[in-house]
Each structure stands twice: as structure tokens, then as C-alpha cells.
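Grab a pencil and work through these exercises with the sequence and the 3D view side by side. Try each task yourself before you read its solution.

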Amino acid sequence: MSSFFSRCNSIRVESGNWILYEHPNFRGHQYYLKRGEYPDFHQWMGYNDSIRSCRLAPQHHGSYRIRVYEREDFGGHMMEFSDDCPHVYEHFRYNDIHSCNVQDGHWIFYEEPNYRGRQYYLRPGEYRRFSDWGASSPRVGSIRRMRDSY
């Protein structure tokens with residue numbers, strides 16, 4: 001997208017749900033946007049006005065299941081979620097998630113509780129360490145299912 005413009009000051013999502021990325025090739029900070037208007041980057045919880053790639057978010061109409069682990073390579077305590085979790089620590093009793101297995105559906109990890117902070121999109125599969133989902137730390141404050149609306 002950088003060949004079209006150098007900064008992104010506002011966004012209007014007219015249809016579908018989108019995942020925006022700070023860097024080309026779907027890398028860097030991620031932002032999940034549903035239909036609506038976002039007059040500045042703070043409205044989509046952006047850390048700056050740099051958007052270099054985007055993709056249409058997949059639709060999922062089945063069940064949701066994700067297993068999170070206290071340690072890398074699926075070690076330590078495990079907990080399974082099938083619904084949104086606004087405060088991971090209250091349910092899991094750990095501040096950090098080092099690995100996870102997305103069994104059904106698509107999910108978003110948020111760095112802070114109540115769906116705030118940096119976002120990380122997870123599709124079905126195994127994530128043996130937090131860097132596999134693009135995070136620089138294992139901090140996960142909340143978890144949300146990627147649905148058509150929330």
C-alpha cells in the first residue's frame with residue numbers, strides 16, 4: 001500500500017471486516033476493524049498512522065476453541081477458551097501466555113485487559129512461542145473471537 005500513500009489519517013470500512021498491518025507483507029502491529037468510520041488512528045487503537053498492508057478478515061460460522069499455555073511448546077498449565085475473555089488473568093491466573101493452539105475459529109489477542117492495547121490475529125494452528133503470533137512479549141490481557149460483530 002505504500003505506493004499509494006505514505007500515511008493513513010482516517011479509514012472508512014464500508015463492508016466486511018479487515019485486518020490492517022503496520023508493515024508490508026502482513027507484518028508489524030495489527031488492527032482489526034469492522035464496519036464503521038475511524039477519523040484518526042487512535043480510533044482503531046493505532047500507535048501511529050502507518051498502514052502498509054491489509055487483508056479481508058475470514059468469516060467463521062462454526063465453533064471456537066483455543067488452548068493457551070503457561071510455557072513455550074505447550075508446557076505448564078493449560079486452559080481452553082471457547083468464548084471471549086475480557087480479563088485473562090482472572091480466568092487463567094497467569095499474566096503471560098507463551099504458547100497456544102487455535103483449534104477452531106480465528107482469534108485476536110490483546111495486550112491489555114478489556115480488549116485494549118496491541119492486537120494479534122491468530123488463525124487455526126499451533127503457536128509454540130509468542131513470537132510465532134508476532135508479539136515481542138508473552139503479555140496477553142484479553143482474548144476475543146473474531147466474529148462478524150462484537
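**Exercise 1. Which residue in β5 does W18 stand opposite?**

Before you start, a word on the model: it is predicted, so local features need pLDDT of at least 70 and side-chain atom pairs count only at pLDDT 80 or more, while totals for chains, interfaces and linings use all residues. Residues are numbered from 1 along each chain as its sequence is written, and side-chain values use heavy atoms, with hydrogens and water left out.

Step 1. Find the strands, which are DSSP E runs of at least two residues, numbered from the N terminus; helices are H or I runs of at least four. You want β2 (residues 18-23) and β5 (residues 53-56).

Step 2. Check that they pair, meaning that DSSP finds at least two bridges between them. β2 and β5 run antiparallel, joined by 4 bridges.

Step 3. Look across from W18, and you land on L56 in β5.

**Exercise 2. Describe the hairpin of β2 and β3.**

Step 1. β2 also pairs with β3 (residues 27-33), in the antiparallel sense and over 5 bridges.

Step 2. Pick one of the bridges: H23 has R27 in β3 as its partner.

Step 3. Now look at the turn. The hairpin has 3 residues between its strands, and N25 takes a positive phi near 60°.

**Exercise 3. Give an overview of the whole chain.**

Step 1. Count the elements: 1 helix and 12 strands. Reading from the N terminus, the order is β-β-β-β-β-β-β-α-β-β-β-β-β.

Step 2. Sort the residues by relative accessible area: under 20% is buried, over 50% is exposed, and anything in between is partly exposed (1.4 Å probe, protein chains only). Of the 150 residues, 41% count as buried.

Step 3. Check the contacts (heavy atoms within 4.5 Å). Take those between residues at least 6 apart in sequence, and 68% of them join residues at least 24 apart.

Step 4. Look for disulfides, which are pairs of cysteine sulfur atoms within 2.5 Å. The structure holds 0 of them. As for cysteines, C85 is buried with a relative accessible area of 1%, whereas C54 is partly exposed at 31%.

**Exercise 4. Trace the salt-bridge network that includes E72.**

Step 1. Start with the idea: side chains of opposite charge can pair when their charged atoms come close. For a salt bridge, a side-chain nitrogen of Lys or Arg has to be within 4 Å of a carboxyl oxygen of Asp or Glu. Searching the whole structure turns up 12 salt bridges.

Step 2. Begin at E72, which forms a salt bridge with R129, with the closest N and O atoms 3.9 Å apart. E72 sits in the loop between β6 and β7 and R129 in the loop between β11 (125-127) and β12 (142-145), so this pair ties together parts that are 57 residues apart in sequence. E72 is partly exposed at 38% relative accessibility, and R129 is partly exposed at 29%.

Step 3. Move on to D73, whose side chain meets that of R128 in a salt bridge (3.6 Å, N to O). Again the two loops are involved: R128 is in the one between β11 and β12 and D73 in the one between β6 and β7, so the pair links parts 55 residues apart in sequence.

Step 4. R128 also has a salt bridge with E126, where the closest N and O atoms are 3.4 Å apart. Through shared partners, E72, D73, E126, R128 and R129 end up in one network.

**Exercise 5. Is E70 buried or exposed, and what surrounds it?**

Step 1. Place E70: it belongs to strand β6 (residues 65-71).

Step 2. E70 is buried, yet it has no salt bridge. The nearest side chain of opposite charge is that of R71, 4.0 Å away. For charges, Lys and Arg count as positive and Asp and Glu as negative; His and the chain ends are not counted.

Step 3. Set aside the neighbours within four places in sequence, and E70 is in contact with G75, G76, H77, F92, Y94, D96 and H98.

**Exercise 6. Which phi values do D73 and F74 take?**

Step 1. Both belong to the loop between β6 and β7: D73 is there, and F74 is there too.

Step 2. Read off phi. For D73 the value is near 55°, which is positive in a residue other than glycine. For F74 phi is near 65°, again a positive value in a residue other than glycine.
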